[in-house]
Amino acid sequence: MLQYDVHPFVGLSFGPITFLICVLGGLGNFVGGFFAAFVFAEIISLGGLFSDLEWGYVLAFAFFIVMMFIRPAGLFARRS
Amino acid sequence: MNLRYAAWATGLVALIALPFVYRDSYHLHILVLILIWSFAYTSWSIMGRFGLVSLGHGGFMGVGAYVTALLWNHLGVSPWIGIPISMVAAGVLALVVAYPCFRFRITGHYFVLVTLALSGIVLQVITATRDHTAARSATRRTAPRAASCWRCSSTTRSPGT
């Protein structure tokens with residue numbers, strides 16, 4: 001059974017990553033944000049599948065940094 | 001002007017001499033915390049002066065603290081050598097991320113998020129390698145009991161005793 005817990009600090013586990021996903025998808029781009037959330041979750045989960053979950057997070061953050069360098073306006077941004 | 005320098009010098013000498021003559025650990029702990037927050041704040045204010053907001057300072061502080069502590073724990077390197085090494089390590093990490101940032105002109109929100117992701121990477125790497133980095137692991141080297149404050153080490157009890 002799938003269970004989640006709630007506690008006063010539960011927001012902290014979402015906040016920063018949500019911000020990262022927003023910018024990864026492009027600020028204001030709804031579909032891009034959805035796609036970025038999918039990509040982020042897949043990277044974290046696959047990292048956790050093949051190694052520890054923490055290495056999945058490391059991969060996802062590194063992916064984010066690299067994407068900021070090569071596509072700062074978001075994954076779906078048109079090339080200018 | 002001379003009076004002001006004399007006042008600064010007196011305060012500095014008093015601060016350096018304090019741990020030798022005053023041994024109350026709680027009050028020294030408060031002073032250590034004051035100094036730690038002070039240098040964290042100083043580095044942040046320097047960034048603000050350049051117009052960049054960074055959320056990665058925690059990551060760099062973590063690298064500095066962990067490199068020093070791990071060199072002491074695993075290799076027995078004195079923190080007097082470990083602190084410069086950890087400064088170089090944090091600087092190298094900063095250079096690896098900052099050079100592309102300047103190259104691709106990452107500023108504003110994007111710079112904030114790059115540094116946030118970097119501190120997240122540091123946090124997760126330390127957590128993932130907890131077998132080697134865990135402070136409470138049984139492999140912790142016991143510091144000498146009669147450590148002087150200049151030896152930069154604390155008198156920690158080994159977990160086994």
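## Exercises on a predicted two-chain helical model

Chain B splits into two domains: domain 1 covers 1–50 and domain 2 covers 52–161. Keep in mind that the model is predicted.

**Exercise 1. How many residues does each domain of chain B put into the contact, and which helix gives the largest share on the domain 1 side?**

Step 1. Count both sides: domain 1 of chain B brings 6 residues, and domain 2 of chain B brings 6 residues.

Step 2. Look for the main contributor on the domain 1 side. Helix α2 of chain B (residues 25–49) has the largest share there, with 4 residues.

Step 3. Sort that side by class. You get 5 nonpolar residues, 1 polar and no charged.

**Exercise 2. Work out what kinds of elements make up each chain, and what share of each chain counts as buried.**

Step 1. Start with chain A: there are 3 helices and 0 strands, in the order α-α-α from the N terminus.

Step 2. Do the same for chain B, with 6 helices and 0 strands. Its order is α-α-α-α-α-α from the N terminus.

Step 3. Now burial. In chain A, 29% of the 80 residues count as buried; in chain B, 16% of the 161 residues do.

Step 4. Check the sequence range of the contacts. Taking contacts in chain A between residues at least 6 apart in sequence, 42% join residues at least 24 apart. For chain B, residues 24 or more positions apart make up 47% of the contacts with a separation of 6 or more.

Step 5. For the overall extent of chain A, its C-alpha trace spans about 45 × 30 × 20 Å along the principal axes.

**Exercise 3. Find which helix of chain B gives the most to the side that touches chain A.**

Step 1. Get the totals: 17 residues of chain B are in contact with 16 residues of chain A.

Step 2. List the helices that supply at least two residues each to the chain B side: these are α4 (79–103) and α5 (109–128).

Step 3. Pick the top one. With 13 residues, α5(B) gives the most to that side.

Step 4. Classify the chain B side: 13 residues are nonpolar, 4 are polar and none is charged.

**Exercise 4. Test whether the end-to-end length of α5(B) fits a helix, then find what its buried residues pack against.**

Step 1. Predict the span. At 1.5 Å a residue, the 20 residues of α5(B) should span 28 Å.

Step 2. Compare with the model: the end C-alpha atoms of α5(B) are 28 Å apart, which agrees.

Step 3. Pick out buried positions. Among them are B:Phe111, B:Leu113, B:Leu116, B:Ile121 and B:Gln124.

Step 4. See what they pack against. The partners from chain A are α1 (15–25) and α3 (53–70), and those from chain B are α3 (57–75) and α4.

**Exercise 5. Describe how α2(A) and α3(A) cross, and say which residues make the contact.**

Step 1. Take the geometry: α2 of chain A (residues 30–50) packs with α3(A) at an angle of about 145°, and their axes are 6 Å apart.

Step 2. Add the handedness: the crossing of α2(A) past α3(A) is right-handed.

Step 3. Name some of the residues. On α2(A) they include A:Phe40, A:Ile43, A:Ile44 and A:Leu46, while on α3(A) they include A:Leu53, A:Trp55, A:Tyr57 and A:Phe63.

Step 4. Sort the contact by class: 10 nonpolar, 4 polar and no charged residues.

**Exercise 6. Which residues of α1(A) are buried, and why does A:Thr18 count as partly exposed?**

Step 1. List the buried set of α1(A): A:Ile17, A:Leu20, A:Ile21, A:Val23, A:Leu24 and A:Gly25.

Step 2. Ask what covers them. The cover includes α2 and α3 of chain A together with α5 of chain B.

Step 3. Turn to A:Thr18, which sits in α1 of chain A. A:Thr18 is partly exposed because 14 other C-beta atoms lie within 10 Å, whereas a buried residue needs 20 or more.

Step 4. Try the same test on A:Ala37, located in α2 of chain A. With 17 other C-beta atoms within 10 Å, A:Ala37 is partly exposed.

Step 5. Tie the two helices together: A:Ala37 and A:Ile17 are 20 residues apart in sequence, with their C-alpha atoms 9.2 Å apart in space.

Step 6. Finish at the end of the helix. Just after α1(A), A:Gly26 has a positive phi of about 100°.

How values were computed. Residues numbered from 1 in each chain as written. Chains lettered and ligands numbered in written order. Predicted model: local features only at pLDDT ≥ 70, side-chain atom pairs only at ≥ 80, totals over all residues. Contact = placed C-beta atoms within 7 Å. Nonpolar A, V, L, I, M, F, W, Y, C, P; charged D, E, K, R; others polar. Domains from an automatic or database assignment. Expected span 1.5 Å × (residues − 1). Buried ≥ 20, exposed ≤ 12 C-beta atoms within 10 Å, placed from the backbone. Axes fitted to C-alpha atoms, helices over the stretch in contact; angles between N-to-C directions. Left-handed = near helix turned anticlockwise from the far one by under 90°.
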